[in-house]
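Here's a quick briefing to read with the model open beside you. Have a look at the fold first, then work through the bullets.

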Amino acid sequence: MGVTGRFPFKRFASGFVCAAAGSVLFAGALAAQPVSPLIIPMNNAEAASPEVPPILSMRDRAQVVNEILADRLETIIPEIMREQKVSMWVLTAREYFESPVVATMLNAESLHARRRTILIFFDPGDGKPIERLTVSRYGLGGMFDPAWNPDKEPDQWKAVADIIAERDPANIAINTSELTAFADGMTLSQYNQFTAALPEKYKSRLVSGEGLSIRWLETRTPRELEIYPGILRVAHGIIAEAFSRKVITPGKTTAEDVVWWYRQRVNDLGLKAWFQPSIAIQREGAEGMLEGDEIIQPGDMLWTDFGITYLRLNTDTQHLAYVLKPDETQAPEGLRAGIAAANRVQDALLSSYKTGASGNDVLKVARAKAIAEGLDPSIYTHPLGYHGHAAGTAIGFWDNQNGDERGDYPIHAGTTWSIELAAYDKVPEWNNQRVEFRLEENAYFDGSKVTFLDGRQTELTLIPSD
């Protein structure tokens with residue numbers, strides 16, 4: 001490891017200074033030259049033939065990630081600790097076994113927690129700044145103040161107990177949760193070691209950090225919202241390439257060929273796919289979705305599910321395309337009506353969002369609206385952000401349209417969503433075959449309305465057959 005892993009740091013406006021070496025090792029946001037990915041405004045209209053914008057270098061990505069993290073620690077942590085009425089929050093992680101929360105609190109240069117990393121947030125009250133401490137052998141880019149000297153106190157857990165005793169918090173949140181993995185990061189062995197070192201009077205003050213974890217992960221900052229539409233434009237540009245003759249030759253290309261084209265394209269751009277992309281075919285006279293080695297033919301309707309991770313934020317998109325027959329210039333009217341039906345289900349869902357309502361509440365209202373319009377909906381929408389299926393409440397599941405305990409959590413403003421759903425419709429041109437029209441677009445809820453980050457698909461992408 002470099003010198004940043006061995007010396008204590010002091011925080012200054014110009015950057016982070018190594019106390020032992022006396023030199024600036026990492027320039028913070030005030031000193032660095034600003035860099036940015038593509039910035040485009042949120043809008044509900046889909047861009048025609050979107051192109052993949054330039055991708056930042058790894059060095060520039062690190063600067064953006066660190067600027068965002070520093071801002072989140074300064075703004076979100078005080079807000080959610082006071083909202084949740086938590087005095088102290090203790091987070092633990094082991095090398096290569098980071099909890100979902102700790103993983104998002106590591107600076108860009110800290111690719112993993114080292115050995116055992118313990119983070120402590122403490123609210124001293126009276127509006128004073130939140131203390132951010134790290135009880136670990138290695139620094140975290142100056143984002144946390146080092147609070148452990150192993151030479152003076154070899155026992156890391158004793159060091160944590162001493163910090164707690166010195167501050168005497170009214171309660172101590174730890175990440176344990178029966179409901180969500182996002183807040184269940186403290187393993188049994190770490191819990192046992194932590195409580196064994198903890199003075200007896202503080203054991204009764206332990207509370208679940210579930211609320212803190214979800215609020216930290218689901219809350220988007222202005223800077224994140226500024227760059228998120230551009231991140232989605234990257235994904236939309238890749239999908240536009242996949243649904244073109246650049247990639248698909250009808251009569252030759254298989255669904256699996258396109259899947260692996262996605263993986264290679266993402267890798268070549270220096271990005272990551274957070275799940276294996278999907279390509280499936282719906283075809284007149286064929287039952288269900290055709291995948292794998294099935295060859296794409298003229299007259300097929302194609303479906304894709306694709307998502308990337310860039311600057312720690314995730315996208316999750318499902319689009320539809322139609323492969324024109326040689327004598328066609330447009331998709332059959334029944335297929336066009338089907339995607340319009342899916343858009344109407346989206347409208348029913350977006351108009352049902354309400355701050356404080358549970359995901360189950362929104363699901364019930366949205367389904368009632370869609371069904372009243374004569375639609376056949378299936379809604380399975382989820383939060384989106386630092387994870388693809390992210391922290392927050394669920395709004396339905398594809399196999400459960402009646403509510404679920406995972407949908408009891410309330411919806412908050414300042415959150416981003418993957419508006420995922422389907423409408424079923426009969427296509428006259430396909431002998432009234434029942435066809436599934438799946439769409440998924442990414443959006444932001446500001447507390448009063450939902451806005452798509454980079455538009456939504458309203459027309460089938462057309463792929464020429466010759």
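Let's start with Phe194, which is buried, with a relative accessible area of 2%. Keep in mind that this is a predicted model. From that ring we'll move on to its aromatic partner, then to other ring contacts, a few strands and one pocket.

**Aromatic pairs**

- The number of aromatic pairs here is eight.
- Phe194 belongs to one of them: its ring centre is 6.1 Å from that of Trp157, and with the planes at 50° the pair counts as tilted, because stacked needs under 30 degrees and edge-to-face over 60.
- Trp157 comes from helix H3 (residues 156-167) and Phe194 from helix H4 (residues 188-197), so this contact links distant parts of the chain, 37 residues apart.
- Like its partner, Trp157 is buried, at 7% relative accessibility.
- Tyr262 and Phe306 make a stacked pair, with 4.4 Å from centre to centre and 15° between the planes.
- That stacked pair ties helix H8 (residues 255-268), home of Tyr262, to strand E12, home of Phe306, across 44 residues of sequence.
- Both Tyr262 and Phe306 are buried.
- Trp89, Phe121 and Phe144 gather into one aromatic cluster.

**Charges over rings**

- Arg220 puts its charged end over the ring of Tyr386, 5.0 Å from the ring centre.
- Arg438 does likewise over the ring of Trp303, with its charged end 4.5 Å from the centre.

**Strand E15 and its partners**

- How many residues of strand E15 (residues 317-323) are buried? Seven of its seven residues are, so the strand is mostly covered.
- Thr317, His319, Ala321 and Val323 point one way from E15, while Gln318, Leu320 and Tyr322 point the other way, and all are buried.
- E15 runs antiparallel to E12, and six bridges join the two.
- Phe306, the stacking partner of Tyr262, stands opposite Thr317 of E15.
- E15 also runs parallel to strand E21 (residues 461-463), with three bridges joining them.
- In that parallel pairing, Ala321 faces Thr461 of E21.

**A three-stranded open sheet**

- Strands E10, E13 and E14 form an open sheet in the order E10-E13-E14, with antiparallel pairing.
- Why do strand E10 (272-273) and strand E14 (313-314) each have one side without a neighbour in the sheet? They stand at the edges, each with a single partner strand.
- Two bridges hold E10 against strand E13 (residues 308-310) in the antiparallel sense.
- Ala273 stands opposite Ile308 of E13.

**The second largest pocket**

- If you're after open space, the second largest pocket has a volume of about 820 Å³.
- Its lining takes in 37 residues, and Tyr380, His382, His389, Gly396 and Phe397 are the ones nearest the pocket centre.
- At least two lining residues each come from helix H6 (210-218), strand E12 (301-306), strand E17 (382-383), strand E18 (415-427) and strand E19 (433-445).
- By class, that lining splits into 17 nonpolar, ten polar and ten charged residues.
- Strand E12 therefore turns up in several places: E12 supplies lining residues to this pocket, holds Phe306 of the stacked pair and is joined to E15 by six bridges.

Methods. Residues are numbered from 1 along each chain as its sequence is written. This is a predicted model: local features need pLDDT of at least 70, side-chain atom pairs count only at pLDDT 80 or more; totals for chains, interfaces and linings use all residues. Side-chain values use heavy atoms; hydrogens and water are left out. On a 1 Å grid over the protein atoms alone, a cavity is a set of points where a 1.4 Å probe fits but cannot get out, and a pocket is an open set with protein on both sides within 12 Å along at least five of seven lines; lining residues have an atom within 4 Å of a point. Grid points are joined across faces, edges and corners, and a volume is the space filled by probe spheres set on the points. Helices (H or I, at least four residues) and strands (E, at least two) are DSSP runs, numbered from the N terminus. Ala, Val, Leu, Ile, Met, Phe, Trp, Tyr, Cys and Pro count as nonpolar, Asp, Glu, Lys and Arg as charged, and the others, Gly among them, as polar. Rings of Phe, Tyr and Trp (its six-membered ring) pair if their centres lie within 6.5 Å; planes under 30 degrees apart count as stacked, over 60 as edge-to-face and the rest as tilted. Buried means under 20% relative accessible area, exposed over 50%, partly exposed in between (1.4 Å probe, protein chains only). A charge sits over a ring if NZ of Lys or CZ of Arg is within 6 Å of the ring centre and within 35 degrees of the ring normal. Two strands pair if DSSP finds at least two bridges between them.
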